[in-house]
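Biologist: Could you walk me through this model? I'd like to hear about helix packing and any odd backbone spots.

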Amino acid sequence: MKRLVSLDWMRGAAIASVVFFHALVFNMTPTTGSEDQDSALYMVILYFITWAGFFGMISGVGNSISMYGKLVRGKVQRAAVLKGALVRGAVILAINFLYLGILCPGVLEPGHEDIGVLPALIRAGRFFPYSLAPERLLFATALTMVAWGTIISGVLLYLLSAADGLQRRRRNRLVITTVAAVIVWCYPLVQALVRPWMAPPMAGWRLPGATVASWLAGPMDPIFPYVGFTLYGMVFGMMLVDGARRRELLLYGCGLGAVYSAIGFGMLGGEGFWANPFDTPDLGPLISILGPMFLALTFFVWLMDLNGDRAKAWWARRTRGVRAFGILSLTAFVLEGPVGAVIHRLLLPHYPDFPTNAGFLFLILAPAITTLWYLGLKLWARVGFVGSFEWLTVWLLARVEGRKSERLDVGAVLHSTRAYVD
């Protein structure tokens, strides 16, 4: 099937939001007062931080269109899909370690410096050893979630497509939906079992176990529960590839979304919403965000892609700016830390108090940095995004699968509607 306008738009909106909120959070002087943590601004930031799993759900839909779509059309063999998923996931995991150690944004609060090597060098002019400590490098970012979601999606497709298994569509959807539910609901148990492996010191013979534990259930976006989000998105994408009726798609997305929303908000009860901004939410808050995520995914797919080619073309023409972020989402996520550090360093001599001015950060600096990224992406598009992490991934996959992806075809994706409309 053709690309989804909604998928590229949602991916772009998500990464633009990350750029915005990282520009806000990592330029702000850290505070620990209860008044700040009870403020409306803090709660808004906290709420959107917990939506990191939306990257996983969007990635799951994209995995289906890419991997499952090629399989059912006979464009690739099962083994090539598996190899492609393993390579793509391994590349993203490698980039994740590069990101955590070298490129990650963070804070330089005296005595609590938590930041990548390059942003620290730009902002403070010196190296902080903690930047490369195991407890930082084993933090499970959204890249960890996307990487393992891609790998596990590829493995499941490989297993389910054996012996004409692609024809058993309902069985395949049921199996993947069940695996997704198990991963989501069992994560507190897995977390309790494996988190002790991450107890300090994480060195020597303990490091391999700590690494596996970080992938399974470490803070903040590990396999359990977030690959479950990915697999729910994968089933939704498989239904799109299979040409499921709109009513069936809406029933699956809205039905699961409504059920999870009701259960999640019921679990919250009168306690309200709260989550550690640097760890996986408890089960109640987690379920309460999974439901609205599913509803949002279903709504935007219905709005932009399920109302005919004219509507699809209309949305494609009017979402180019946001979709530019979606095309280079990995690169923007990885490089926004050093870019933000440069802007911080340039601004500080002229306005030393800006880190304590929440209004300036929210209304001026964060929008300005997001706009600069948008302008930079438009310029980069003129040379086909050469040198980006997406460009590297496409180059590697072309050698594994024997065919070059068209995902960076700027003419088709941004400057026309032919990538979206039959």
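Modeller: What follows goes through some helix contacts, then the backbone, then a few single residues, and the model is a predicted one.

Biologist: Fine, start with helix 4 and helix 8: at what angle do they pack, and how far apart are their axes?

Modeller: Helix 4, which covers residues 53-72, packs against helix 8, residues 142-160, at an angle of about 30°, and their axes are 9 Å apart. Because angles under 35 degrees count as roughly parallel, helix 4 is described as roughly parallel to helix 8.

Biologist: Is that crossing left-handed or right-handed?

Modeller: The crossing of helix 4 and helix 8 is right-handed. On the helix 4 side the contact is made by Gly53, Phe55, Gly56, Ser59, Asn63, Met67, Tyr68 and Leu71, while helix 8 supplies Ala142, Met145, Val146, Gly149, Thr150, Ser153, Gly154 and Leu157.

Biologist: How many of those are nonpolar, polar or charged?

Modeller: Sorted by class, the contact of helix 4 with helix 8 holds 8 nonpolar and 8 polar residues, with no charged ones.

Biologist: And helix 1 with helix 17, what's the angle there?

Modeller: Helix 1 and helix 17, the latter spanning residues 329-347, pack at an angle of about 5° with their axes 10 Å apart, which makes helix 1 roughly parallel to helix 17. Arg11, Ile15, Val18, Val19 and His22 of helix 1 make this contact with Ser329, Ala332, Phe333 and Glu336 of helix 17.

Biologist: How do those residues divide by class?

Modeller: The contact of helix 1 with helix 17 divides into 5 nonpolar, 2 polar and 2 charged residues.

Biologist: Switching to helix 15, which of its residues are buried?

Modeller: In helix 15, residues 309-318, the buried residues are Lys312, Ala313 and Ala316. Looking down the axis of helix 15, these buried residues fall within an arc of 95°, so they line one face of the helix. As background, an α-helix has 3.6 residues a turn, so residues three or four places apart point the same way.

Biologist: What covers them?

Modeller: The cover over the buried residues of helix 15 includes helix 1 (5-25), helix 14 (283-305) and helix 16 (320-327).

Biologist: Now the backbone. Which peptide bond leading into methionine 220 or proline 225 is cis?

Modeller: Both are: the bond from proline 219 to methionine 220 is cis with omega near 25°, and the bond from phenylalanine 224 to proline 225 is cis with omega near 15°. Methionine 220 sits in the loop between helix 11 (206-217) and helix 12 (223-241), whereas proline 225 belongs to helix 12. For context, most residues other than glycine have a negative phi, and most peptide bonds are trans.

Biologist: Where is phi positive in a residue other than glycine?

Modeller: Two cases I can give you are aspartate 164, with phi near 60°, and phenylalanine 385, also with phi near 60°. Aspartate 164 is placed in the loop between helix 8 and helix 9 (169-185), and phenylalanine 385 in the loop between helix 18 (358-381) and helix 19 (389-401).

Biologist: Buried or exposed, for each of the two?

Modeller: Aspartate 164 is exposed, with a relative accessible area of 63%, but phenylalanine 385 counts as buried, at 0% relative accessibility.

Biologist: What does leucine 408 touch, leaving aside its neighbours within four places in sequence?

Modeller: With those neighbours set aside, leucine 408 is in contact with Ile327, Leu328, Gly384, Phe385, Glu390, Trp391 and Val394, so the list includes the phenylalanine we have just discussed. Leucine 408 lies in the loop between helix 19 and helix 20 (410-413) and, at 13% relative accessibility, counts as buried. Leucine 408 and glycine 384 are 24 residues apart in sequence and 6.5 Å apart in space, C-alpha to C-alpha.

Biologist: Last one, where is aspartate 282, and is that residue buried or exposed?

Modeller: Aspartate 282 is in the loop between helix 13 (246-268) and helix 14, and is exposed, with a relative accessible area of 56%. From aspartate 282 to alanine 419 there are 137 residues in sequence and 40 Å in space, taken C-alpha to C-alpha.

Methods. Residues are numbered from 1 along each chain as its sequence is written. This is a predicted model: local features need pLDDT of at least 70, side-chain atom pairs count only at pLDDT 80 or more; totals for chains, interfaces and linings use all residues. Side-chain values use heavy atoms; hydrogens and water are left out. Buried means under 20% relative accessible area, exposed over 50%, partly exposed in between (1.4 Å probe, protein chains only). Helices (H or I, at least four residues) and strands (E, at least two) are DSSP runs, numbered from the N terminus. The arc is that of the directions from the helix axis to the C-beta atoms. Contact means heavy atoms within 4.5 Å. Axes are lines fitted to C-alpha atoms, for helices over the stretch in contact, and angles run from 0 to 180 degrees between N-to-C directions. Angles under 35 degrees count as roughly parallel, over 145 as roughly antiparallel, 65 to 115 as roughly perpendicular and the rest as oblique. A crossing is left-handed if the near helix is turned anticlockwise from the far one by less than a right angle, and right-handed if clockwise. Ala, Val, Leu, Ile, Met, Phe, Trp, Tyr, Cys and Pro count as nonpolar, Asp, Glu, Lys and Arg as charged, and the others, Gly among them, as polar.
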